[in-house]
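Biologist: Hey, I'm new to this one. Could you walk me through it?

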Amino acid sequence: MQEEIKKYDKDGIIALLNGGETTKLKAREIKNSFVGNTVYIRGLIELSNKCIKNCFYCGIRSLNNKISRYTLTDNQIISSARYAYEKGYGNVVLQAGERWNEQYTDRIARIIEQIKTFSKGELSVTLSLGEQTYDVYKKWHDAGADRYLLRIETSSKELYQRIHPKNELHSFENRLKALDDLKNTGYQVGTGVMIGLPTQTIENLADDIIFMRDLDIDMCGMGPYIEHSQTPLAKVTQTMTLAERYEQALVMVSTLRCVMPTINIAATTALQTIKPTGREDALSIGANVIMPNISPANALRSYSLYNNKPIREGATGGGDEELFDMLSQRGFDIGLMQHGDSLHYRNRMKNR
Ligand code: SF4
């Protein structure tokens, strides 16, 4: 019989965040008891690094003219998705900088339909394409998309405004509304935050956990903040070292697992950037999803969100044997040919 989900107040969450190894051990037990030992695989396809926005922390912000911009062709996207299908991933994630126009909306809908058709519905599709209108979200959901990941980055309005330009394009309220629209559209909804932002406090992180719980999310992707040298935020004095951000991120993952035992939590690449075993470390304490990058090689080099982002060989170069070996050696079951929907989502649907 499944255990009851413990309800933590803010003091309890702060205690978990200050709990270090004790919190990690607790999270490991909760994870194994509620969602088990299986790691689900999502093949990440980075469609384009063009973006209309200028977030102060992001290497592909539109004002960064030092990177070369690309957009994958439909054929490149579909062949990456076919790679995921043939390798038994069960899932793909389509990610890109933000764009708003009808032609783009239609193109994404067409690509989702093509993926669903060739895989006979066996590939589940997650989108990470930023803020859109309710109608756009609905169109993509109707086309077959299953999940949507939109990170709030921080639930503190004050901190959000410090890491984004002050204009309508980067409004905190719009981000909240987009998350609300996603919930109403019927997706499995995910969000996430950056950990170790300049001036961020433990209180902020506790509020982030409460925000995710109150939003009743199904999945989360969060990791340490890592500077990108061509961004304004990299020039601000950092309050934590990378090693401290790494540790804080692991404890944050653990805390979220304790507070929301049945959601899916991704072991993010940002952890791996700081420490080569970062993703495995996160999987061993609370995460249960991994997102190998299967974008073509040209995209891998140019989708530069932060410094030293690891570059896998991509769809043409493989790398799966090493990944699966590593997961097996660390004692994980690999959820091949499975969608791996979050238990939280399944329970949510049952109780509707
Ligand atoms: S964080 Fe997202 S929305 Fe902001 S600049 Fe980067 S890609 Fe664009």
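Modeller: Sure. Let's begin with a loop residue: K120 is exposed, because just 8 other C-beta atoms lie within 10 Å, and 12 or fewer counts as exposed. Keep in mind that this is a predicted model.

Biologist: Where is K120 found?

Modeller: In the loop between α4 (102-118) and β4 (124-128). Its phi is near 50°, a positive value in a residue other than glycine. Most residues other than glycine have a negative phi.

Biologist: What about M337, what's its phi?

Modeller: Near 55°, so a positive value again in a residue that isn't glycine. M337 sits in the loop between β12 (333-335) and α14 (343-350).

Biologist: And is M337 buried or exposed?

Modeller: Exposed, with 12 other C-beta atoms within 10 Å.

Biologist: OK, switching to helices. How far apart are the end C-alpha atoms of α7?

Modeller: They're 20 Å apart. Helix α7 covers residues 172-185, and at 1.5 Å a residue its 14 residues should span 20 Å, so the two values agree.

Biologist: Which residues of α7 are buried?

Modeller: R175, L179, D181 and L182. Looking down the axis of α7, they fall within an arc of 160°, so the buried residues line one face of the helix.

Biologist: Which ones are exposed on the other side?

Modeller: E173 and N184 are exposed there.

Biologist: And what do the buried residues of α7 pack against?

Modeller: Two helices, α5 (134-142) and α8 (202-215), plus the strands β5 (147-149) and β6 (188-191). After α7 comes G186, with a positive phi near 110°.

Biologist: New topic: how many residues are in the largest nonpolar core?

Modeller: There are 87. The ones touching the most other members are I45, V92, Y148, C220, V253, L256 and V289. Helix α9 (residues 242-259) supplies the largest share of this core, nine residues.

Biologist: Let's pick V92. What does V92 touch?

Modeller: Leaving out residues up to four places away in sequence, V92 touches R42, G43, I45, A81, A84, I115, L123 and V125. One of those, I45, is also on the list of core residues that touch the most other members.

Biologist: Last thing: which residues surround the ligand?

Modeller: C51, K53, N54, C55, C58, I60, R61, G97, E98 and G130.

Biologist: How does that shell split by class?

Modeller: Four are nonpolar, three are polar and three are charged.

Notes: Residues are numbered from 1 along each chain as its sequence is written. This is a predicted model: local features need pLDDT of at least 70, side-chain atom pairs count only at pLDDT 80 or more; totals for chains, interfaces and linings use all residues. A residue is near a molecule or strand if its C-beta atom, placed from the backbone, lies within 6 Å of it. Ala, Val, Leu, Ile, Met, Phe, Trp, Tyr, Cys and Pro count as nonpolar, Asp, Glu, Lys and Arg as charged, and the others, Gly among them, as polar. A nonpolar core is a set of buried Ala, Val, Leu, Ile, Met, Phe, Trp, Tyr and Cys residues joined through C-beta atoms within 7 Å. A residue is buried if 20 or more other C-beta atoms lie within 10 Å of its own, exposed if 12 or fewer, and partly exposed in between; C-beta atoms are placed from the backbone. Helices (H or I, at least four residues) and strands (E, at least two) are DSSP runs, numbered from the N terminus. Two residues are in contact if their C-beta atoms, placed from the backbone, lie within 7 Å. The expected span of a helix is 1.5 Å times one less than its number of residues. The arc is that of the directions from the helix axis to the C-beta atoms.
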